[in-house]
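Please look at the structure shown here, and then read the short report that follows on its cavities and on two of its elements.

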Amino acid sequence: MKTDIEIARAARLLPIADIAERIGAPTDAVIPYGRLKAKLDKDFIKGLAARPEGRLILVTAMNPTPAGEGKTTTTIGLGDALNRIGRQTIVALREPSLGPCFGVKGGATGGGLSQVAPMEDINLHFTGDFHAVTAAHNLLAAMLDNHIHWGNDLKIDPRRLEWRRALDMNDRALRQIVTGLGGAANGSVAETGFDITVASEVMAILCLATDLKDLQRRLGDIIVGWNGEGEPVTARDLKADGAMTALLADAIQPNLVQTLENNPALIHGGPFANIAHGCNSIIATKAALRLGDFVVTEAGFGADLGAEKFFNIKCRAGDFSPSVVVVVATVRSLKMHGGVPRDRLNEENVSATVQGCANLGRHLQNIAQFGAPAIVAINRFGADTEAELSKVKEFVAAEGARAILCTHWSDGSAGAEDLAREVVRIAETGSERFQPLYRLDLPLEEKIRTIAQRIYGARDIAIDASAQRQLAKFERLGFGRLPVCMAKTQSSLSADPALLGAPEGHITPIRSVRLAAGAGFVVALCGDVMTMPGLPKRPAAERIGVGEAGFVEGLF
């Protein structure tokens with residue numbers, strides 16, 4: 001079997017102008033980045049505002065194995081399949097981060113015959129959006145340090161700085177650092193650190209902004225620290241918001257590419273789901289909804305993270321109402337949640353599959369709380385047996401939903417055609433009753449508790465005293481009506497990655513909270529989740545290189 005990159009390289013891709021023509025984008029609305037990728041001009045996007053919107057389909061998943069369950073692959077396969085049965089459909093995805101590409105998980109362009117292309121470009125530098133976010137983030141850090149160096153007119157307390165630096169790479173050595181060494185000419189000595197770019201508030205802002213003006217407003221609202229009276233100091237106070245917006249002026253425009261079956265895909269923005277809100281940009285999603293009959297998008301990691309934040313944060317900010325939710329499940333992940341070690345997931349184990357279904361069931365129950373109809377897409381792997389698959393279908397049917405076997409990885413759109421037909425049936429006949437999980441007028445602590453109890457199955461939350469004081473402070477300053485962005489492990493419904501299945505009665509620890517005033521949410525960090533990941537013992541980067549023909553090899 002060919003590797004993903006070999007399949008992508010062998011595909012017959014169309015010039016990006018042909019893909020733009022399919023969605024009705026005129027030549028002057030397309031900003032080409034070579035032959036196979038482009039940006040859609042912001043004025044063209046603005047001109048779509050009066051058009052009616054199509055139907056939004058969210059793809060999420062159960063709690064995954066470290067390699068993932070094929071959520072992006074399923075999103076692309078479903079998009080291709082909907083086009084195959086005659087529904088004008090656009091896929092809307094996040095951009096990949098270099099951290100996972102060179103770490104464990106690999107790229108994020110799908111797999112097999114369900115991919116977006118050009119695969120190497122999208123997974124590496126693409127159109128430079130992540131570099132622009134990194135530059136804007138670090139410009140603010142430099143201007144903050146520079147202001148303090150030149151007299152500190154804003155009376156910023158150097159001990160209470162909130163703004164770190166960013167880098168789109170897994171590098172544990174940069175989690176905590178000291179800057180300003182080497183004498184007075186090099187600034188003040190300070191303890192700081194780096195977050196991965198996809199955890200930057202600038203990335204979240206890029207994905208939640210509705211236009212360039214809103215982008216600058218949100219950037220200006222970023223809180224970089226506090227003065228001696230305990231009042232917030234913002235990027236606007238530092239006069240950094242204009243320059244940051246200038247760096248992001250091109251990045252705010254969505255990127256247009258294609259699937260291997262030459263269907264349109266908008267790929268834009270990429271906040272992490274276990275740290276940030278894990279969804280592509282509102283601008284790209286809105287544009288896709290006005291350009292197609294259906295839009296298939298994804299939310300990162302399991303439904304306890306990506307889908308919950310999609311519903312409570314993105315749908316509020318973008319005024320979205322999903323018509324159908326597709327939950328991706330694999331026999332491999334079910335067996336892992338049933339207690340099977342990772343090195344034995346390819347062995348048949350029907351009883352473990354049944355036991356692991358509890359995790360899938362919890363996600364289905366959680367999605368029902370939002371009033372959204374759900375379908376289970378069983379992403380089939382070669383080692384799956386008929387006995388295991390039949391048990392999954394039986395379980396899902398007992399939960400009042402339908403499980404559909406999908407083979408889009410090996411068969412492309414034909415392998416997801418049954419899923420596409422069921423999506424259309426539900427979307428065109430069902431009545432949307434979507435609603436967020438909590439009211440915005442609830443106290444911040446109660447919002448956190450609501451998510452922990454109703455989504456994670458926790459008995460309660462345990463908030464560190466310092467975090468509790470911070471929440472009270474945020475409310476005093478007028479930020480109490482913001483939604484909450486939970487930062488926790490993707491491996492478990494709980495905050496403990498080793499607690500698999502569908503745990504109940506546990507305590508969700510809240511070790512710290514952060515105010516993302518520009519993005520418009522409060523981040524609650526649970527347990528030991530890291531905002532700067534590290535590389536594994538054998539990172540994927542060891543297998544990546546350039547062959548004699550000049551092509552990138554080893555990406556997956």
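## The largest cavity

Helix 7 (residues 129-149) gives the largest share of the lining of the largest cavity, namely three residues. In this predicted model, the largest cavity holds about 60 Å³ of space, and its lining consists of E95, P96, L98, I122, L124, H125, F126, D129, F130, H131 and D168. Sorted by class, the lining residues of this cavity are six nonpolar, two polar and three charged.

## The second largest cavity

Two cavities of 30 Å³ or more are found when the whole structure is searched, and the second largest has a volume of about 40 Å³. Its lining includes A303, D304, A307, E308 and F311, as well as H363, N366 and I455. Helix 12 supplies five residues, the largest share of this lining, while helix 12 and helix 14 (350-369) each supply at least two. The lining of the second largest cavity comprises six nonpolar, two polar and two charged residues.

## Helix 18 and its cover

In helix 18 (residues 444-454), the buried residues are L444, K447, I448, R449, T450, I451 and A452. Among the elements that cover these buried residues are helix 12 (303-318), helix 19 (465-476) and strand 22 (507-516).

## Strand 3 and its partners

Strand 3 (residues 55-61) is largely enclosed by the rest of the structure, because six of its seven residues are buried. Strand 3 runs parallel to strand 16 (residues 294-298), to which five bridges join it, and R55 stands opposite F294 there. Five bridges also join strand 3 to strand 17 (residues 324-329), again in parallel, with V324 as the bridge partner of I57.

How values were computed
Residues are numbered from 1 along each chain as its sequence is written. This is a predicted model: local features need pLDDT of at least 70, side-chain atom pairs count only at pLDDT 80 or more; totals for chains, interfaces and linings use all residues. Side-chain values use heavy atoms; hydrogens and water are left out. Buried means under 20% relative accessible area, exposed over 50%, partly exposed in between (1.4 Å probe, protein chains only). Helices (H or I, at least four residues) and strands (E, at least two) are DSSP runs, numbered from the N terminus. Two strands pair if DSSP finds at least two bridges between them. Contact means heavy atoms within 4.5 Å. On a 1 Å grid over the protein atoms alone, a cavity is a set of points where a 1.4 Å probe fits but cannot get out, and a pocket is an open set with protein on both sides within 12 Å along at least five of seven lines; lining residues have an atom within 4 Å of a point. Grid points are joined across faces, edges and corners, and a volume is the space filled by probe spheres set on the points. Ala, Val, Leu, Ile, Met, Phe, Trp, Tyr, Cys and Pro count as nonpolar, Asp, Glu, Lys and Arg as charged, and the others, Gly among them, as polar.
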